Amino acid sequence: MGKQPNLYAFNDVSTLARTLRTYLIQCQNAGFERHNLFKVAVSGGSLPSTLAKALLEPGDSGSNSAIDFSKWEIFFADERAVALDHADSNYKLLKDELLDKIPKEMGQPHVHPIDVKYLDDVHEMADQYQEALMQSFAAKDSVKLPIFDLLLLGCGPDGHTCSLFPNHELLRESDAWVAPIEDSPKPPAKRITLSLPVVTHGTKIAFVATGAGKKDILKQIFDTEEGRSLPCGLVNEGGAEKVSWFTDDSAVEAVGFPRRGSL
C-alpha cells in the first residue's frame with residue numbers, strides 16, 4: 001500500500017481552527033521560501049467561516065504577525081456561474097466570511113474572481129479562468145500543470161469536492177486546468193472547476209469536514225473500496241501523504257482509518 005493521507009480529528013471546530021492555523025502558517029511560509037508568494041485555491045461551503053476562525057483569531061502569541069496576506073494569491077477551486085454578489089457565489093461567501101474582515105495591518109490578498117462577462121458561456125469562463133492561472137503559474141516557463149502551494153477543499157455528502165461529482169465525466173479530464181460543467185447535480189447547474197490533476201498536483205491539499213452530517217460519507221471515503229472512486233477518494237489516492245483532513249470527532253465517529261495525533 002502506498003503512502004496515506006493524514007486524518008486529524010478534534011473535539012470541536014474551535015480546536016480544529018487552532019491547528020488549521022498552524023498548518024496554514026507552515027504552508028504559507030513554505031510558499032514564501034519557494035517564490036515569496038502563497039498561491040492558494042479555496043472552495044466554498046462551510047470552509048470560509050472555518051478559515052476565518054483559523055486566520056483572524058490571534059494564535060497563542062496573541063498576534064497576527066505570522067500571517068502576511070499581501071503575499072497571498074487566492075484562486076477559487078470552483079465557482080458558480082452567477083454574479084459576484086449572488087448568494088450562490090463562492091467569491092461572495094469568501095468575501096463576507098473572510099476578505100472583508102482582514103485587518104489592514106495583515107495586508108490584503110490578491111484575489112481572482114471569475115469574469116462575470118461570461119456568465120452565459122461557462123466554456124469561455126473556464127478558458128478565461130485558466131488564462132488567469134497561466135499568467136500566474138506559467139508566465140515565465142510553460143508548465144503542464146499549475147502547482148498550488150495549498151488547495152483548501154470541502155467534502156460534500158455525496159463525496160464531491162470542488163465541482164467534481166461522483167461518476168461525472170469531468171473526473172476523466174486530463175488536459176484542461178479549469179473545466180466547465182453545465183449539468184451539476186447540485187444547483188446551480190452551471191459552474192467551473194479545477195480539474196482533478198490540478199488538485200492532486202498541489203504541494204499540499206487540505207480538506208475541512210465537520211459535523212455529524214459528514215459521518216457516513218467519511219466512513220465510505222476512508223474505509224471502503226467504493227469510497228476510493230469518489231472524487232474525495234480520488235484526491236486521497238492521487239495526493240497521498242500531501243493530503244490532510246481536518247475534521248471534528250462527530251464527523252469521523254464511525255471511521256476506522258487511523259488518525260494522526262499532531263501535525
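Begin by selecting Arg228, which is partly exposed, with a relative accessible area of 38% (buried means under 20% relative accessible area, exposed over 50%, and partly exposed in between, with a 1.4 Å probe and protein chains only). Arg228 forms a salt bridge with Glu225, their closest N and O atoms being 3.5 Å apart, where a salt bridge is a side-chain nitrogen of Lys or Arg within 4 Å of a carboxyl oxygen of Asp or Glu. Glu225 itself counts as exposed, at 56% relative accessibility. Add Glu237 to the selection, since salt bridges that share partners join Glu225, Arg228 and Glu237 into one network.

Before going further, note that this is a predicted model, in which local features need pLDDT of at least 70 and side-chain atom pairs count only at pLDDT 80 or more, while totals for chains, interfaces and linings use all residues. Residues are numbered from 1 along each chain as its sequence is written, and side-chain values use heavy atoms, with hydrogens and water left out.

Next, select Lys219 and Asp223, whose side chains meet in a salt bridge at 3.2 Å, N to O. Because they are four residues apart in helix α6 (residues 215-223), about one helical turn separates them; helices (H or I, at least four residues) and strands (E, at least two) are DSSP runs, numbered from the N terminus. Lys219 is partly exposed at 35% relative accessibility, and Asp223 is partly exposed at 32%.

Move to Lys95, partly exposed with a relative accessible area of 30%, and show Asp100 with it, as their side chains meet in a salt bridge of 3.1 Å, N to O. A search of the whole structure finds eight salt bridges.

For a contrasting environment, select Ala179 in strand β7, which counts as buried at 2% relative accessibility. Leaving aside neighbours within four places in sequence, Ala179 is in contact (heavy atoms within 4.5 Å) with Ala126, Leu170, Arg191, Ile192 and Thr193. If you also display His123, 56 residues away along the chain, you will find its C-alpha atom separated from that of Ala179 by 7.5 Å.

Finish at Glu169, in the loop between β6 (150-153) and β7 (178-181), which counts as exposed at 56% relative accessibility. Extend the selection to Asp120, Asp121, Asp127, Glu131, Glu182 and Asp183, which together with Glu169 form a negative surface patch. Patches are made of residues with over 30% relative accessible area and no salt bridge, with like charges joined within 9 Å and nonpolar side chains (Val, Leu, Ile, Met, Phe, Trp, Tyr) within 5 Å.

Terms used
Accessible areas come from the Shrake-Rupley method with a 1.4 Å probe; for residues, only the protein chains shown count as cover. Lys and Arg count as positive and Asp and Glu as negative; His and the chain ends are not counted. The place of a charge is taken as NZ of Lys, CZ of Arg, CG of Asp or CD of Glu.
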